[in-house]
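Me: I would like to learn how to read the features of a model like this one. Please give the general idea first and then the case at hand.

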Amino acid sequence: MPIATYFSFDDQSKDAIKFYETAFDTSCHDLVTYATLGMPDLDEKSQKMVMNASLEIEGHTIMFSDTPSFMNKIPYGRNVGLVIEVTEPDKLTRYFTKLSEDATNIMPLQKTDWSELFGQVTDKFGINWSFNLI
């Protein structure tokens with residue numbers, strides 16, 4: 001049974017999707033906004049927010065949603081991180097470099113006891129990523 005990862009943002013889903021599309025050379029084909037629900041009582045900002053969208057990254061589904069005005073803000077789960085494991089060093093380096101743009105807490109790619117190439121980054125959206133060459 002596949003398990004997907006869900007990212008919830010205040011109102012940054014569209015920006016995050018564009019960033020990850022570029023970083024992982026993938027595309028979102030299913031973005032739905034709250035306006036498509038036909039809820040006329042939503043404020044204009046909430047109407048434009050992402051209700052649901054997804055990207056496929058290395059065979060794993062990452063889903064996205066924003067928090068409109070009628071919902072309670074969801075505390076960000078900064079205690080969760082994603083691990084990208086690939087067998088191609090060039091691909092791993094490309095992903096790491098893209099996600100390092102405006103990132104914090106960067107552990108540069110390097111040889112470790114368990115991998116020829118490993119690194120970590122907290123991207124500009126606050127998502128923690130580890131990169132592991134297998």
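What follows goes through the sheet, a helix, and some loop residues.

Me: What should I know about the source before reading values?

Reply: This is a predicted model, in which local features need pLDDT of at least 70, side-chain atom pairs count only at pLDDT 80 or more, and totals for chains, interfaces and linings use all residues. Residues are numbered from 1 along each chain as its sequence is written, and side-chain values use heavy atoms, with hydrogens and water left out.

Me: How is the open sheet of 4 strands ordered?

Reply: Strands of a sheet pair through backbone hydrogen bonds, either parallel or antiparallel. Here the order is 1-4-3-2, with mixed pairing; two strands pair if DSSP finds at least two bridges between them. Strand 1 (5-9) and strand 2 are at the edges with a single partner strand each, so one side of each has no neighbour in the sheet. Strands (E, at least two residues) and helices (H or I, at least four) are DSSP runs, numbered from the N terminus.

Me: How many bridges join strand 3 to strand 4?

Reply: Strand 3 (residues 50-57) runs antiparallel to strand 4, and 5 bridges join them. Within this pairing, Glu 56 stands opposite Thr 61 of strand 4.

Me: Which strands does helix 1 lie across?

Reply: Helix 1 lies across strand 1, strand 2, strand 3 and strand 4, at about 10° to strand 3. Axes are lines fitted to C-alpha atoms, for helices over the stretch in contact (heavy atoms within 4.5 Å), and angles run from 0 to 180 degrees between N-to-C directions.

Me: Is Ser 115 buried or exposed?

Reply: Buried means under 20% relative accessible area, exposed over 50%, and partly exposed in between (1.4 Å probe, protein chains only). Ser 115 is buried, because its relative accessibility is 4%. Ser 115 sits in the loop between strand 6 and strand 7 (118-122). Its side chain reaches the backbone oxygen of Leu 117 at 2.8 Å, and a polar atom of that side chain lies 2.9 Å from the backbone oxygen of Leu 133.

Me: Where is Asp 25, and what is its phi?

Reply: Asp 25 is in the loop between helix 1 (13-24) and strand 2 (32-33). Its phi is near 50°, a positive value in a residue other than glycine. Asp 25 counts as exposed because its relative accessibility is 69%.

Me: What is the phi of Asp 102?

Reply: Phi of Asp 102 is near 60°, again positive in a residue other than glycine. This residue lies in the loop between helix 3 (89-99) and strand 6 (104-110).

Methods
A polar contact is a pair of N or O atoms within 3.5 Å; within protein, one must be able to donate a hydrogen and the other to accept it, and residues adjacent in sequence count only if both atoms are side-chain atoms.
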